[in-house]
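This report walks a new reader through one protein chain and the ligand modelled with it. Please look over the sequence and the structure before reading on.

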Amino acid sequence: MTKTAEPTDPDPDPGAAAPSPRHRGEAPAPVLQLKGVGKTFGNIKALSGIDLKVGAGEVTCILGDNGAGKSTLIKIIAGLHAPTSGEYLVDGEPVHFSSPREALDRGIATVYQDLAMVTLMPVWRNFFLGSELRTGFGPFRMLEVDKMRRIADEELKKMGIDLPDIDAPISNLSGGQKQVVAIARAVYFGARVLILDEPTAALGVKQSGVVLKYINAARDAGLGVIFITHNPHHAFMVGDHFAVLKLGRMELDAPRSELTLDDLTHHMAGGAELDALQHELKRGAAPEVAPLHGVSAGEIGGMSADVTAAIDAAEAVAAEEAWSAPAGRAEPRSGD
Ligand SMILES: Nc1ncnc2c1ncn2[C@@H]1O[C@H](COP(=O)(O)OP(=O)(O)OP(=O)(O)O)[C@@H](O)[C@H]1O
């Protein structure tokens with residue numbers, strides 16, 4: 001089922017686009033759906049009984065702690081792993097992808113953290129990496145450099161990214177800018193579902209805001225976006241739907257209307273276990289862990305909760321500021 005990804009027909013007037021289902025207040029139809037999906041690696045049960053729907057024009061956030069099963073889940077959706085149980089449907093039809101190429105042919109594109117870019121190549125070359133435009137036949141085939149430079153420039157501008165030099169090596173861009181180039185590239189090559197693997201994990205607050213803004217832009221262009229993150233604040237700024245994984249199971253699956261940021265943070269922090277710990281700490285009883293260098297376990301627990309809360313709050317405010325800044329030129333590298 002391999003075919004070359006065709007670029008989408010660029011909309012000459014994005015302002016005239018029909019409002020997304022979200023803006024019409026309708027539930028978007030699922031582009032992809034998982035029903036009771038499980039995955040084992042030998043004796044390890046990485047995922048079990050996962051139900052998930054991803055709609056067009058909707059951001060689905062997948063959260064979870066280390067080892068929760070997020071990577072395994074996106075690898076199944078991206079066609080890298082086959083599930084060991086359950087069903088995977090695209091547009092209501094069961095699919096059995098045997099490679100990411102097959103998923104891509106159905107419009108399911110993944111932007112991994114490492115971005116699969118060649119750092120010394122220019123921005124436009126990275127934009128077309130693996131799908132270069134060529135002209136001529138056989139040994140006389142040549143790259144259509146001017147056309148690729150022009151299209152990359154236009155597509156990036158369409159997403160509000162005005163780079164000073166499209167010929168500059170991509171390594172000159174900030175982490176946030178590189179993520180945005182990868183998102184624009186996936187949109188241009190016809191992605192209907194965009195999987196973003198922790199796109200803000202390695203970024204500072206300002207650059208995270210830039211990326212969140214373009215997640216919103218991809219959603220408003222009608223794509224289904226799957227946003228994998230550890231950060232409930234980032235998720236809540238853009239998410240329409242939230243799935244929290246814990247030890248391979250879906251611990252929470254809720255639309256935005258049924259959830260607050262506090263609920264989400266609570267689930268991420270361990271929910272019921274955290275309540276039990278707080279209750280124990282309030283009563284003055286130390287949890288059963290060994291003291292460290294003469295400091296009681298109770299003190300460590302209290303201190304880390306305070307520090308974590310303060311960091312989270314400061315980060316949320318700063319990211320919100322960056323996110324709500326007017327769209328336009330992407331930030332310079334120094335803001336990284
Ligand atoms: N190829 C593999 N072989 C064996 N076990 C695996 C493999 N991939 C994942 N696992 C196991 O499956 C479980 C889920 O791992 P996964 O990487 O999906 O979690 P994660 O939520 O992405 O974690 P992190 O945020 O740390 O990347 C873990 O117990 C992990 O050790």
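Which residues are buried in α1? In this predicted model, the buried residues of α1 are Lys-70, Thr-72, Leu-73, Ile-74, Ile-76 and Ile-77. The helix, which spans residues 70–77, is thus described as mostly covered, with 6 of its 8 residues buried. Just after α1, Gly-79 adopts a positive phi of about 90 degrees.

The helix also belongs to the surroundings of the ligand, since α1 supplies the largest share of the shell, 3 residues. The residues around the ligand are Phe-41, Ile-44, Ala-46, Asp-65, Asn-66, Gly-67, Ala-68, Gly-69, Lys-70, Ser-71, Thr-72 and His-230, and they divide into 4 nonpolar, 6 polar and 2 charged. Three of these residues approach oxygen atoms of the ligand as listed here.

| Residue | Atom of the residue | Distance to a ligand oxygen atom |
|---|---|---|
| Ala-68 | backbone N or O | 3.0 Å |
| Lys-70 | polar side-chain atom | 2.8 Å |
| Thr-72 | polar side-chain atom | 2.6 Å |

Of the 630 Å² of accessible area that the ligand has on its own, the protein covers 60%. The elements that give two or more residues to the shell are β2 (44–55) and α1.

For the protein chain as a whole, the secondary structure comes to 10 helices and 12 strands, and buried residues make up 43% of its 336 residues. Among contacts between residues at least 6 apart in sequence, 68% join residues at least 24 apart. The chain exposes about 16900 Å², of which carbon and sulfur atoms supply 55%.

Methods:
Residues are numbered from 1 along each chain as its sequence is written. This is a predicted model: local features need pLDDT of at least 70, side-chain atom pairs count only at pLDDT 80 or more; totals for chains, interfaces and linings use all residues. Side-chain values use heavy atoms; hydrogens and water are left out. Helices (H or I, at least four residues) and strands (E, at least two) are DSSP runs, numbered from the N terminus. Buried means under 20% relative accessible area, exposed over 50%, partly exposed in between (1.4 Å probe, protein chains only). Contact means heavy atoms within 4.5 Å. Accessible areas come from the Shrake-Rupley method with a 1.4 Å probe; for residues, only the protein chains shown count as cover. A residue is near a molecule or strand if one of its heavy atoms lies within 4 Å of it. A polar contact is a pair of N or O atoms within 3.5 Å; within protein, one must be able to donate a hydrogen and the other to accept it, and residues adjacent in sequence count only if both atoms are side-chain atoms. Ala, Val, Leu, Ile, Met, Phe, Trp, Tyr, Cys and Pro count as nonpolar, Asp, Glu, Lys and Arg as charged, and the others, Gly among them, as polar.
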